[in-house]
Amino acid sequence: MVKYNPETYWSRVGQEIEKRGGQNFIAGDDNPYYRYKRLKFLKIFLDTIDFQAKVILEVGFGPGGNLRHIATHHNPTILLGADISQKMYDIATRNLRSFSNIQLTKIDGMHLPFEDQSVDTSLTVTVLQHITDEAMLKRLVQEICRATRATITIMEDIGKSHQLAGEGAGINRTVDIYKNIFAEQGFQLRQLQFLNTKISRWWFEFSWRVYRRLFSRQHHEGDQIGAIGKLLIGLPIAITRFLDDLFVEDQNLAKMVFDRKTDRLQVAGAATAVSTNYNTINTQGVPLSPFLPARCVSAGQVRTHAELEVIQNATATVDTNLAFKAR
Ligand SMILES: C[S@@+](CC[C@H](N)C(=O)[O-])C[C@H]1O[C@@H](n2cnc3c(N)ncnc32)[C@H](O)[C@@H]1O
């Protein structure tokens, strides 16, 4: 197997993206399944991150679609981007030239040109899952954590591999692997959410195998596909997209939100928590059981990290508004 070299691999994908013409933001293969997945990703994952008035960094920006979406819809202060591929840098520079608050750098994410904690929020989207070299992955995560003050959101494919390292251009690791490497850098997993595209993906994987066998045996990631392939993959998605929301999964694309561990955290939302022995804590943070004073939280309270960890660990279900932000 050829060793994965991110720069040559993604510059080749970039050449295929250029052939499509127009402003194409699908970073790999452009087919109806990935288009559907991207729209769902924008709505459920990207649009639910707080970018307002923040300094944002995307490592591995590809053709620039995520930065463009954030700049257009979320009013950030500055958007920084770092990508190892010259071709992706060129495409993104073209796609984003009308935005004065976006600054792109062609650089390996293992050496980010930013001061410690100079970025409010960082993100990666399908970047870490392609890094199969253990040292490279650790160094990249270390750099992102060093540059980020508060929150890192990674949106990566999740699978069953318990390994840091892999072969080729992709590895679907477990959530725990990511949780542990970020924990080593002082970041704690706060939120985990799956995109849920299982039924559409089943159909896509079946139809894609059929299409490749019949029409495109030499396909490389990013190559264009014909009209028959688009129809074969695309038509059933009109139905399978509704089934995806019914058959939830714990695999494939996930959003993982990490917070820098700090000692003083403020509770951002009103919280309704149910402790492990099912005593309810009301929205003002008053425990209905007098035996659980440490487990109540309410909006605006400031607690230490250790206290909040006790609350989180003791909590069986937590209202979705329960969120903590660094003071
Ligand atoms: C699958 S693409 C994703 C692009 C973009 N995040 C998106 O969602 O459209 C992966 C991108 O990560 C970049 N990349 C891979 N390894 C990198 C590294 N070590 N440092 C910076 N960028 C890297 C590639 O050049 C490529 O543009």
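## Reading a predicted fold: cores, a helix pair and a ligand shell

Me: Where should I look for the middle of this thing, and which residues have the most contacts inside the largest nonpolar core?

Reply: The general idea is that in soluble globular proteins, nonpolar side chains tend to be buried together. In this predicted model, the largest nonpolar core holds 53 residues, and the ones with the most contacts inside it are Ile56, Leu67, Leu79, Ala92, Val141, Ile144 and Phe182. Helix H5, residues 134–147, is the biggest giver, with six residues in this core.

Me: Let's zoom in on one of those. What does Val141 touch beyond its sequence neighbours?

Reply: Once residues up to four places away are set aside, Val141 touches Ile181, Phe182 and Gln185. Apart from that core there's another one of 10 residues, including Trp203, Tyr211, Leu232 and Ile237.

Me: H5 also holds Leu140. Is Leu140 buried or exposed?

Reply: Count C-beta neighbours: the cut-off for buried is 20 or more within 10 Å. Leu140 has 25 inside that radius, so it counts as buried. Its contacts beyond four places in sequence are Gly109, Met110 and Ile131. As for Leu112, 28 residues away in sequence, its C-alpha lies 8.8 Å from that of Leu140.

Me: Now a strand residue. Why does Asn252 count as partly exposed?

Reply: Same counting, with partly exposed falling between the 12 or fewer of exposed and the 20 or more of buried. Asn252 has 17 other C-beta atoms within 10 Å, so it is partly exposed. You'll find Asn252 in strand E7, residues 252–260. Leaving out neighbours within four places, it is in contact with Asp157, Ile158, Phe194, Leu195, Thr197 and Arg201. Gly159 is 93 residues from Asn252 along the chain, yet their C-alpha atoms are separated by 6.3 Å.

Me: What about the chain overall: how many helices and strands are there, and what share of the contacts joins residues 24 or more positions apart?

Reply: The protein chain has 10 helices and 13 strands. Among contacts with a separation of 6 or more, 71% are between residues 24 or more positions apart. And 38% of its 327 residues count as buried.

Me: How do I read a helix pair, say H1 and H4? At what angle do their axes cross?

Reply: Look at axis distance and angle, then at who meets whom. The axes of H1 (residues 6–20) and H4 (residues 86–95) come within 7 Å and cross at roughly 35°. From H1, Trp10, Ser11, Gly14, Gln15, Ile17 and Glu18 meet Gln86, Lys87, Met88 and Ile91 of H4. By type, the residues of that contact are four nonpolar, four polar and two charged.

Me: And the ligand? Which residues are closest to it?

Reply: Start with the shell, then ask which elements build it. 23 residues surround the ligand, with Pro6, Trp10, Gly60, Gly62 and Gly109 the closest. H1, helix H3 (65–73) and strand E2 (78–83) each put at least two residues into the shell. The shell splits into 12 nonpolar, nine polar and two charged residues. Trp10 and Gly109 have come up before: Trp10 in the H1 contact with H4, Gly109 among the contacts of Leu140.

Me: Last one, confidence. Where is the pLDDT below 50?

Reply: Check the average, then the weak stretches. The protein chain averages a pLDDT of 83, and 77% of the residues score at least 70. Over residues 269–295 the pLDDT is below 50, though the model has 68 contacts for this stretch beyond near neighbours in sequence. Residues 315–327 also stay under 50, with 38 contacts beyond four places in sequence.

Definitions and conventions
Residues numbered from 1 in each chain as written. Predicted model: local features only at pLDDT ≥ 70, side-chain atom pairs only at ≥ 80, totals over all residues. Core = buried A, V, L, I, M, F, W, Y, C linked by C-beta atoms within 7 Å. Helix = DSSP H or I, 4+ residues; strand = E, 2+ residues; numbered from the N terminus. Contact = placed C-beta atoms within 7 Å. Axes fitted to C-alpha atoms, helices over the stretch in contact; angles between N-to-C directions. Nonpolar A, V, L, I, M, F, W, Y, C, P; charged D, E, K, R; others polar. pLDDT = per-residue confidence, 0-100. Near = placed C-beta within 6 Å.
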